[in-house]
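User: I am new to this structure and would like a close look at a single helix and its surroundings. Please take me through what packs around that helix, and then through the side chains that lie beyond.

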Amino acid sequence: MKPVEAAVWFIEGHRGEPIGLTEIASVAGVSRFHLVRVFGLATGFPVMRYVRARRLTEAAKALAAGAPDILAVALEAGYGSHEAFTRAFRDQFGTTPEAARAAGTVNGFSLVEPITMTTDTTTPLPEPRIEPGRTMLVAGLRDHFAFEALGGLPALWQRVAARLGQIPGQVGHVAYGVCYGMDGSGFDYLAGVEVAPGTDVPSDLASIRVAAPRYAVFTHAGHVSTVRTTFMAIFNDWLPRSGYQFAEAPVFERYDERFDPHTGKGGFELWIPIR
């Protein structure tokens, strides 16, 4: 099975058990590092947040259906006490288990249903070209994004657009979107340009040095808003069968003159660090 499909299958079959990231990654056949990134990019959910949301969703349904013993529901959801379950339930749905049972409905609840991962949700990919790595300093504006909340990316690029051509030491006219610092909840994203080595980057800008032994370079020909499908195809399909491993280095998007920032069309490249 593909890593994300295997992870979802395992999670759905063991919701009430004390499963952790290491065990899920082992079943999926990849490292924790790989799973955190591929699961978040492909689904929009951090792995363990998905586990938690699925447990609480099924618990909410059971309570709304009139489950008489809230502690039994809590234990079935993997919580060791009524108190811990109530805190988690309130954080997820904004109400208590008792109130959910009294209401007798989950209408208005932000339920998380099982993710269906099929080949129909991926994008057929041509084979990438393999490029040797080089060191590159990228400067621009940075923000942190949760996997499930990427709506702020266009606004970040809009802010950067006003600075393009005015960043000290800028090299060429290519723009870069660099993804790094990924953890269980999301990642840092820097939108900017390459600057010359030794550039004194202004204090209101962020910078990151990008380097990896080599890269697999994919072309995303569709609208920029659909890039997640390409990421999913790369990490859930191409990478597991390629013989390469995901290197611990930033992933970046490369936008050249073909890309139209006004319409989001024209295509761009995805550079995936591999070893």
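Analyst: In this predicted model, the cover over the buried residues of α9 includes the helices α1 (3–13) and α3 (32–43), together with the strands β6, β7 and β8. The buried residues of α9 are V227, T230, F231, M232, A233, I234, F235, N236, W238 and L239. I234, one of these buried residues, is also the centre of a kink of about 35 degrees in the helix. Just past the end of α9, G243 adopts a positive phi of about 90 degrees.

Among the side chains of the helix, W238 deserves a slower look. With a relative accessibility of 3%, which is under the 20% limit, W238 counts as buried, and F218, at 2%, counts as buried as well. The ring centres of F218 and W238 lie 5.1 Å apart with their planes at 85 degrees, so this pair is edge-to-face. The pair links distant parts of the chain, because F218 belongs to strand β6 (residues 214–220) and W238 to helix α9 (residues 227–242), with their positions 20 residues apart in sequence.

F235, another buried residue of α9, leads from the helix to the nonpolar core. The largest nonpolar core has 62 residues, and those with the most contacts inside it are I24, L35, F39, Y189, F235 and I272. In soluble globular proteins, nonpolar side chains tend to be buried together. F39 shows what such a set of contacts looks like here: leaving aside neighbours within four places in sequence, F39 is in contact with V4, A7, V8, I11, G44, F45, P46, V47, Y50 and I115.

The strands that help to cover the helix have side chains of their own to follow, and β8 offers a polar one. E269 is found in strand β8 (residues 268–274), and E269 is buried, with a relative accessible area of 7%. The side chain of E269 makes a polar contact of 3.0 Å with the side chain of R129, and another, also given as 3.0 Å, with the side chain of W271. When neighbours within four places in sequence are set aside, the residues in contact with E269 are R129, V217, F218, T219, F252, E253, R254 and R258; F218, listed there, is the ring that pairs with W238.

Strand β7 brings in a further aromatic pair. Searching the whole structure gives 23 aromatic pairs, and one of them joins W157 and Y255 edge-to-face, with 5.3 Å from centre to centre and 70 degrees between the planes. Because W157 lies in helix α8 (residues 153–161) and Y255 in strand β7 (residues 251–255), this pair ties together parts that are 98 residues apart in sequence. Y255 is buried, with a relative accessible area of 7%. Both W157 and Y255 belong to one aromatic cluster, which is formed by F145, W157, F187, Y189, Y255, F259 and F268. Y189 therefore appears in two settings, in this cluster and among the residues with the most contacts inside the largest nonpolar core.

How values were computed
Residues are numbered from 1 along each chain as its sequence is written. This is a predicted model: local features need pLDDT of at least 70, side-chain atom pairs count only at pLDDT 80 or more; totals for chains, interfaces and linings use all residues. Side-chain values use heavy atoms; hydrogens and water are left out. Rings of Phe, Tyr and Trp (its six-membered ring) pair if their centres lie within 6.5 Å; planes under 30 degrees apart count as stacked, over 60 as edge-to-face and the rest as tilted. Helices (H or I, at least four residues) and strands (E, at least two) are DSSP runs, numbered from the N terminus. Buried means under 20% relative accessible area, exposed over 50%, partly exposed in between (1.4 Å probe, protein chains only). A nonpolar core is a set of buried Ala, Val, Leu, Ile, Met, Phe, Trp, Tyr and Cys residues joined through side-chain atoms within 4.5 Å. Contact means heavy atoms within 4.5 Å. A polar contact is a pair of N or O atoms within 3.5 Å; within protein, one must be able to donate a hydrogen and the other to accept it, and residues adjacent in sequence count only if both atoms are side-chain atoms. The bend at a residue is the angle between axes fitted to the seven residues ending there and the seven starting there.
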